[in-house]
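Visitor: I've got a model open and a few things I'd like to ask. Could you walk me through it?

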Amino acid sequence: MTRPAIYLDHNAASPLRPEARAALVAALDLVGNPSSVHAHGRALRDTIETGRRQVARLAGAESKQVVFTGSATEAITQAIVGGAKTFASGAIVISAGEHAAVSKAAEATGLPVWTIGLDAQGRIDLDQLAAALVRADAEHVTFLAAFHWVNNETGVIQPIDRISALVGPTRHTLFIDAVQAFGRLPLEFSASAPDMMAISGHKIGAPAGIGALLVKSHADLVRLIPGGGQEQGRRGGTESAALIAAFGAAAEATNYDAEVMRALTRHVELGLRTMAPDVKIFGEAAQRIGNVVNFAVPGIRNATAMMSLDLSGISVSSGSACSSGKVGASHVLAAMGVEKSLAECGLRVSFGWNSTVVDADAFLAGYQSIVSRQRRAGQAA
Ligand code: PLP
């Protein structure tokens with residue numbers, strides 16, 4: 001199968017960076033097991049520790065705070081399901097805009113899940129978070145709070161500083177799903193308040209199958225997969241030196257330019273407004289990460305638009321596709337109070353390291369023909 005000509009779905013997965021591919025291929029030629037003490041094993045161990053340093057640098061973490069996992073979902077599960085046993089006596093607190101990796105892990109703890117709402121711009125409601133803190137005091141319980149930093153559907157940046165100021169000084173534990181922030185915002189993990197964060201390789205141009213839990217020493221008690229004691233006993237299973245090398249190389253190559261991304265998204269937003277003045281851009285008044293436009297033109301359903309764009313070789317997303325590939329209703333847009341009929345028109349265009357204005361223009365041309373078709377059909381009716 002040939003690759004789609006225009007790829008605008010970087011929030012789902014970014015294309016493999018050449019640096020990551022080269023590191024991956026080189027490490028695949030290494031022989032042995034990184035736990036072996038002989039020269040072959042040591043070469044693999046060195047590769048892993050180089051990757052760890054590279055990932056740690058981009059995350060503003062110390063190398064020893066990086067625990068490699070098979071995905072961000074695994075890291076999130078370790079933090080929440082594992083963390084709940086140790087850190088939460090009463091509840092898991094999440095927002096209504098979390099990725100399923102977070103909300104399903106919260107459910108899996110068996111503890112009550114307290115859900116904090118989003119405002120109409122997709123921001124976590126801090127008053128509700130303050131109320132949860134009061135409730136926990138009244139009920140004499142501790143909770144583990146798990147919030148995303150950047151929303152994968154809308155690109156809305158959550159007020160992590162203010163969340164940290166609220167939860168950080170308390171006896172509660174704070175976990176941040178930093179998957180869509182890593183490489184785009186400075187995480188400064190070591191110096192920040194959150195106890196744990198999760199990141200993922202395939203969002204920054206490494207292959208899928210590698211992620212990491214960032215964990216401070218005081219929170220480093222969770223052992224979901226003890227196994228053979230790898231990752232200092234924090235995640236058993238023979239490490240994939242090749243995937244770690246690729247993750248490290250992708251981290252080192254990451255040079256996210258917010259201005260370039262914003263120029264692309266502004267260009268798309270302007271184009272959309274020109275062709276469809278009734279377009280609704282979700283999270284428009286909130287602070288957004290800059291590489292994403294999530295929008296809806298009333299009457300143009302996302303499933304139809306995606307199919308039509310796909311036929312023209314343009315890959316975008318509804319933002320809410322579930323793993324079966326079906327376009328599902330977006331829980332994020334629902335939490336923002338967006339009407340179902342409009343949410344069903346929501347499309348997500350997300351740019352990344354190899355995106356250019358040619359991609360943006362191709363998308364605009366593709367979407368323009370959908371809008372024109374709809375307008376013609378409307379006139380004929
Ligand atoms: N959290 C967010 C915000 C995401 O966007 C994703 C992936 O889309 C994940 C978690 C899960 O990451 P992974 O695919 O590495 O498990």
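Visitor: Is the crossing of helix 2 and helix 8 left-handed or right-handed?
Guide: Bear in mind that this is a predicted model. Helix 2 (residues 39–59) and helix 8 (residues 241–253) pack with their axes 8 Å apart, at an angle of about 35 degrees. Their crossing is left-handed.

Visitor: By class, how many charged residues are in the contact of helix 2 with helix 8?
Guide: Helix 2 brings residues including Leu44, Ile48, Arg52 and Arg57, and they meet a set in helix 8 that includes Ile244, Phe247 and Glu252. By class, this contact has ten nonpolar and four polar residues, and the charged ones number three.

Visitor: On to the ligand. Which helix gives the most to the shell around it?
Guide: The residues around the ligand include Ser71, Ala72, Thr73, Ile76, Asn152 and Lys203. By class, the shell has three nonpolar, seven polar and two charged residues. The top contributor, with three residues, spans 72–87: helix 3.

Visitor: What percentage of the ligand's accessible area does the protein cover?
Guide: Start with the polar contacts: an oxygen atom of the ligand is 2.5 Å from a side-chain N or O atom of Thr73, and for Gln180 the corresponding distance is 2.8 Å. A polar side-chain atom of His99 lies 3.4 Å from an oxygen atom of the ligand. On its own the ligand has 390 Å² of accessible area, and the share covered by the protein is 88%.

Technical notes. Residues numbered from 1 in each chain as written. Predicted model: local features only at pLDDT ≥ 70, side-chain atom pairs only at ≥ 80, totals over all residues. Heavy atoms only, no water. Axes fitted to C-alpha atoms, helices over the stretch in contact; angles between N-to-C directions. Helix = DSSP H or I, 4+ residues; strand = E, 2+ residues; numbered from the N terminus. Left-handed = near helix turned anticlockwise from the far one by under 90°. Contact = heavy atoms within 4.5 Å. Nonpolar A, V, L, I, M, F, W, Y, C, P; charged D, E, K, R; others polar. Near = heavy atom within 4 Å. Polar contact = N/O pair within 3.5 Å; in protein donor to acceptor, adjacent residues only side chain to side chain. Areas by Shrake-Rupley, 256 points an atom, 1.4 Å probe, with all protein chains shown as cover.
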